[in-house]
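Let's take a look around this protein together. Keep the picture open while you read.

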Amino acid sequence: MAYPMQLGFQDATSPIMEELLHFHDHTLMIVFLISSLVLYIISLMLTTKLTHTSTMDAQEVETIWTILPAIILILIALPSLRILYMMDEINNPSLTVKTMGHQWYWSYEYTDYEDLSFDSYMIPTSELKPGELRLLEVDNRVVLPMEMTIRMLVSSEDVLHSWAVPSLGLKTDAIPGRLNQTTLMSTRPGLYYGQCSEICGSNHSFMPIVLEMVPLKYFEKWSASML
């Protein structure tokens, strides 16, 4: 869960989000070094009166500033492509959950069970209990087992939505007539919050997502109580 004045990402809860955080730090360091070098060169040009006449016709310098950016782009592209392929892989999921976006709430269906489906609405501010988060709590949380590969099927029944949970590194568009899929796996139990990340209408920011990741034995008890 994010906290006030937070400058970085939320703590990673899934292997994919850990990879995304490492890639962000890797790319940010490259950007920082390039920015520092450019700022240093600009400051030298503005403060010195010396002129290097042969710089205007230096093949070595032109070769360096052509090859070096290409190498930097490769250092960014290779890990980026690796993470993209990792995010698209579906490794024999243990459970499949289908979520449908509506104006303005989510509905969930556990396709491996016969009659396990429900709607998830945001709890109004006037009905919140002490300790609950405004605009983020829902009446029906999505309970899922931790340390298991789960496939999420995402679609919409009216307009464009986006099912996103930042701490798990998830963001999948919900498009009417199209079924998108993504995988998630939590390495630890807890509550993980998200919201619709698409401008789907006047109440698009009031479509919270709450995932409750629990050990498998507690998930089995919950699913039995819901049937």
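UniProt positions are given here in the numbering of this text, with feature names shortened, and such annotations may be inferred rather than shown by experiment. Residues are numbered from 1 along each chain as its sequence is written, and side-chain values use heavy atoms, leaving out hydrogens and water. The model is predicted: local features need pLDDT of at least 70 and side-chain atom pairs count only at pLDDT 80 or more, while totals for chains, interfaces and linings use all residues.

Start with the annotated stretches. The unreviewed UniProt entry marks residues 27-46 and 66-85 as "transmembrane region". Helices (H or I, at least four residues) and strands (E, at least two) are DSSP runs, numbered from the N terminus. Here is how the two spans look in the model:

| Span | Helix | Strand | Distance between end C-alpha atoms |
|---|---|---|---|
| residues 27-46 | 100% | 0% | 29 Å |
| residues 66-85 | 100% | 0% | 29 Å |

Now for the sheets. Two strands pair if DSSP finds at least two bridges between them. One open sheet has five strands in the order E3-E2-E1-E5-E8, and its pairing is mixed. Strand E3 (117-120) and E8 are at the edges with a single partner strand each, so one side of each has no neighbour in the sheet. Inside this sheet, strand E1 (residues 95-102) and strand E2 (residues 105-110) run antiparallel, joined by six bridges. Met100 has Ser107 in E2 as its bridge partner.

Another open sheet, also mixed in its pairing, lines up five strands as E4-E10-E9-E6-E7. Its edge strands, E4 (142-145) and E7 (170-174), each pair on one side only. E4 pairs with strand E10 (residues 208-214) in the parallel sense over four bridges, and Val142 stands opposite Leu211 in E10. Helix H3 (residues 216-226) lies across E4 and E10, at about 140 degrees to E4. For such angles, axes are lines fitted to C-alpha atoms (for helices, over the stretch in contact, meaning heavy atoms within 4.5 Å), and values run from 0 to 180 degrees between N-to-C directions.

Which parts supply at least two residues each to the lining of the second largest pocket? They are helix H2 (59-88), E7 and strand E8 (180-184). A pocket is an open set of points on a 1 Å grid over the protein atoms alone where a 1.4 Å probe fits, with protein on both sides within 12 Å along at least five of seven lines; lining residues have an atom within 4 Å of a point. This pocket has 14 lining residues, and Met87, Asp88, Thr172, Gln181 and Thr182 lie nearest its centre.
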